[in-house]
Amino acid sequence: MYIDGFAGPGYYLNSEEGSPVAAYETIKNIYLRDGDKIRSNCNLVFIEKEKKLFEKLNETIGAKKKYPRIDIHLMNASFDEAMYNLIESTKYEQSFHNAQPLLIFADPFGATGVPFEIIKKCFKSETTELLLNFDADGVERIRKGQNENWEQQLDEIFGDRSWEREISNSSSLTDGANKALKLYEKKLKELSGLDYVWAFEMRGKNDKINYFLLFASKNILGMKKMKEAMTALDKTGDFTFSDAHYNQLNLFDKNSYMDYANHLHEYFRGQHADMFTIEKFVLCNTPYTSCKTLLQQLSRRELVKVHPKSGFTLMAHSFPEEKIQSVEFLIKQSSFEQQTLF
Ligand SMILES: C[S@@+](CC[C@H](N)C(=O)[O-])C[C@H]1O[C@@H](n2cnc3c(N)ncnc32)[C@H](O)[C@@H]1O
């Protein structure tokens with residue numbers, strides 16, 4: 001099931017396709033290509049609050065030739081109202097209780113409209129994933145503006161009063177926005193099993209459009225695929241993304257394997273780790289989509305030693321996970337540290 005919670009009319013005046021059409025076409029093409037391998041049909045739900053835009057959306061989607069394996073459900077309602085209905089409905093029960101994967105795309109104007117309570121309910125399932133356009137600047141504006149209801153709005157965004165403690169005392173809009181983003185990531189990671197949370201900072205060609213797409217999943221493969229998709233988008237040249245963690249830390253050169261390899265070595269120094277644990281660390285703490293490049297870097301510098309499973313021998317600097325028992329991170333100084341010492 002795919003839910004576009006802030007669907008819009010389905011197209012834009014400059015004739016670009018909107019997110020509902022993009023989703024429909026993508027899913028249809030997946031079925032056309034691989035349909036024989038996919039057992040379930042797909043439910044597509046588009047939610048749009050504004051009546052006029054909803055009518056346009058209805059026309060846009062109605063004009064599409066219906067594909068039999070996709071069931072479309074249009075809802076003229078606000079995201080929260082529609083989501084409560086969907087969560088309660090028996091028709092979609094399976095999608096909210098593990099049986100079927102659910103991807104929620106939430107692309108609101110501004111910071112409000114996506115109550116954390118709903119996100120929490122959706123993540124009761126192990127197979128839910130979220131892609132949220134998170135307006136971190138908007139959060140900071142609400143906090144600074146202190147309009148009517150500003151406290152309730154922040155409570156709704158974060159699900160509690162943690163913002164009072166965690167995002168106060170910001171020195172600038174950027175600082176406040178970064179704190180808001182960090183807090184939101186933290187709130188997501190506090191949900192049971194939600195280990196894979198990543199913020200992509202999106203920029204247009206002219207560097208003007210600048211927003212965060214926050215992805216959250218309980219599944220390592222989900223995280224890997226989303227990072228790969230963003231990397232592919234980056235290569236088209238129409239969009240660039242950097243990861244928001246990188247920008248905030250501002251420690252490393254994004255393109256430098258060496259820095260990230262050293263970071264990895266530093267984290268596990270003196271320990272043995274299995275490939276899953278290393279992959280998880282790399283996915284959650286570096287822009288890389290696989291740990292292998294970084295491990296090869298370390299291996300060439302003799303900073304790691306690979307212990308194969310019994311019965312296997314390995315080629316130098318190769319990391320086939322199915323043959324590896326553990327990787328030992330040797331207690332040697334990395335050349336990075338040696339450089340900084342002298
Ligand atoms: C940024 S646009 C979405 C654009 C769309 N994702 C796309 O890429 O084509 C946000 C849309 O959400 C609608 N909207 C605003 N508040 C909403 C709410 N609380 N629930 C559902 N839709 C809402 C707006 O009318 C607008 O069409």
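**Close-up 1. Asn169 in the loop between helices H8 and H9.** In this predicted model, Asn169 sits in the loop that links helix H8 (162-166) to helix H9 (173-189). Its backbone is the thing to look at here: phi of Asn169 is near 55°, a positive value in a residue other than glycine. As for surroundings, Asn169 has 9 other C-beta atoms within 10 Å, and a residue with 12 or fewer is classed as exposed, so Asn169 is exposed.

**Close-up 2. Glu302, just ahead of strand E10.** Another non-glycine residue with a positive phi turns up here: the value for Glu302 is about 55°. Glu302 belongs to the loop between helix H14 (292-300) and E10. With 9 other C-beta atoms within 10 Å, Glu302 is exposed.

**Close-up 3. The three-stranded open sheet E9-E11-E10.** Follow the order E9-E11-E10 across this open sheet, where the pairing is antiparallel. Strand E9 (272-273) and strand E10 (304-308) take the edges, and each has a single partner strand, so one side of each has no neighbour in the sheet. Strand E11 (residues 324-329) is joined to E10 by five bridges, with the two running antiparallel. One bridge to pick out on that side pairs Val304 with Phe329 in E11. On the other side, two bridges hold E9 and E11 together, again in the antiparallel sense. There, Ala273 has Val327 of E11 as its bridge partner. A general reminder for reading such a view: strands of a sheet pair through backbone hydrogen bonds, either parallel or antiparallel.

**Close-up 4. His307 and its neighbours on E11.** Zooming in on strand E10 brings up His307. Which residue of E11 is the bridge partner of His307? It's Ser326. Setting aside neighbours within four places in sequence, His307 makes contact with Gln325, Ser326 and Glu328. Lys323 is worth finding too: it lies 16 residues from His307 along the chain, and the C-alpha atoms of the two are separated by 9.0 Å. Is His307 buried, exposed or partly exposed? There are 13 C-beta neighbours inside 10 Å, so His307 counts as partly exposed.

**Close-up 5. Parallel pairing around strand E4.** Strand E4 (residues 102-106) pairs with E5 in the parallel sense, using five bridges. Strand E1 (residues 2-4) also pairs with E4 in the parallel sense, over three bridges. A handy landmark is Ile104: Ile3 stands opposite this residue of E4, and Leu130 in E5 is its bridge partner as well. Leu102 is another residue to locate, with Thr128 of E5 as its bridge partner. E4 is mostly covered, since four of its five residues are buried.

**Close-up 6. The β-α-β unit from E4 to E5.** How is the β-α-β unit made of E4, helix H5 (residues 116-122) and E5 handed? The unit is right-handed. Strand E5 (residues 128-134) has five of its seven residues buried, so the rest of the structure largely encloses it. In general, the side chains of a regular strand alternate between the two faces of the sheet.

**Close-up 7. Helix H12 and the glycine after it.** Helix H12 (residues 257-268) gives a quick geometry check: its 12 residues, at 1.5 Å a residue, should span 16 Å, and the end C-alpha atoms are 17 Å apart, which agrees. The buried residues in H12 include Tyr260, Ala261 and Asn262. Leu264 and His265 are buried too. After H12 comes Gly270, with a positive phi near 85°.

**Close-up 8. The shell around the ligand.** How many residues surround the ligand? There are 16, and the closest are Phe6, Gly8, Gly18, Ser19 and Lys49. Sorted by class, the shell has seven nonpolar, five polar and four charged residues.

**Close-up 9. Stepping back to the whole chain.** To place the earlier views, the protein chain has 15 helices and 11 strands. Of its 342 residues, 30% count as buried. Among contacts in the protein chain with a separation of 6 or more, 66% are between residues 24 or more positions apart.

How values were computed: Residues are numbered from 1 along each chain as its sequence is written. This is a predicted model: local features need pLDDT of at least 70, side-chain atom pairs count only at pLDDT 80 or more; totals for chains, interfaces and linings use all residues. The expected span of a helix is 1.5 Å times one less than its number of residues. A residue is buried if 20 or more other C-beta atoms lie within 10 Å of its own, exposed if 12 or fewer, and partly exposed in between; C-beta atoms are placed from the backbone. A residue is near a molecule or strand if its C-beta atom, placed from the backbone, lies within 6 Å of it. Ala, Val, Leu, Ile, Met, Phe, Trp, Tyr, Cys and Pro count as nonpolar, Asp, Glu, Lys and Arg as charged, and the others, Gly among them, as polar. Two strands pair if DSSP finds at least two bridges between them. A crossover is right-handed if, with the strands pointing away from the viewer, the path from the first strand over the helix to the second runs clockwise. Two residues are in contact if their C-beta atoms, placed from the backbone, lie within 7 Å.
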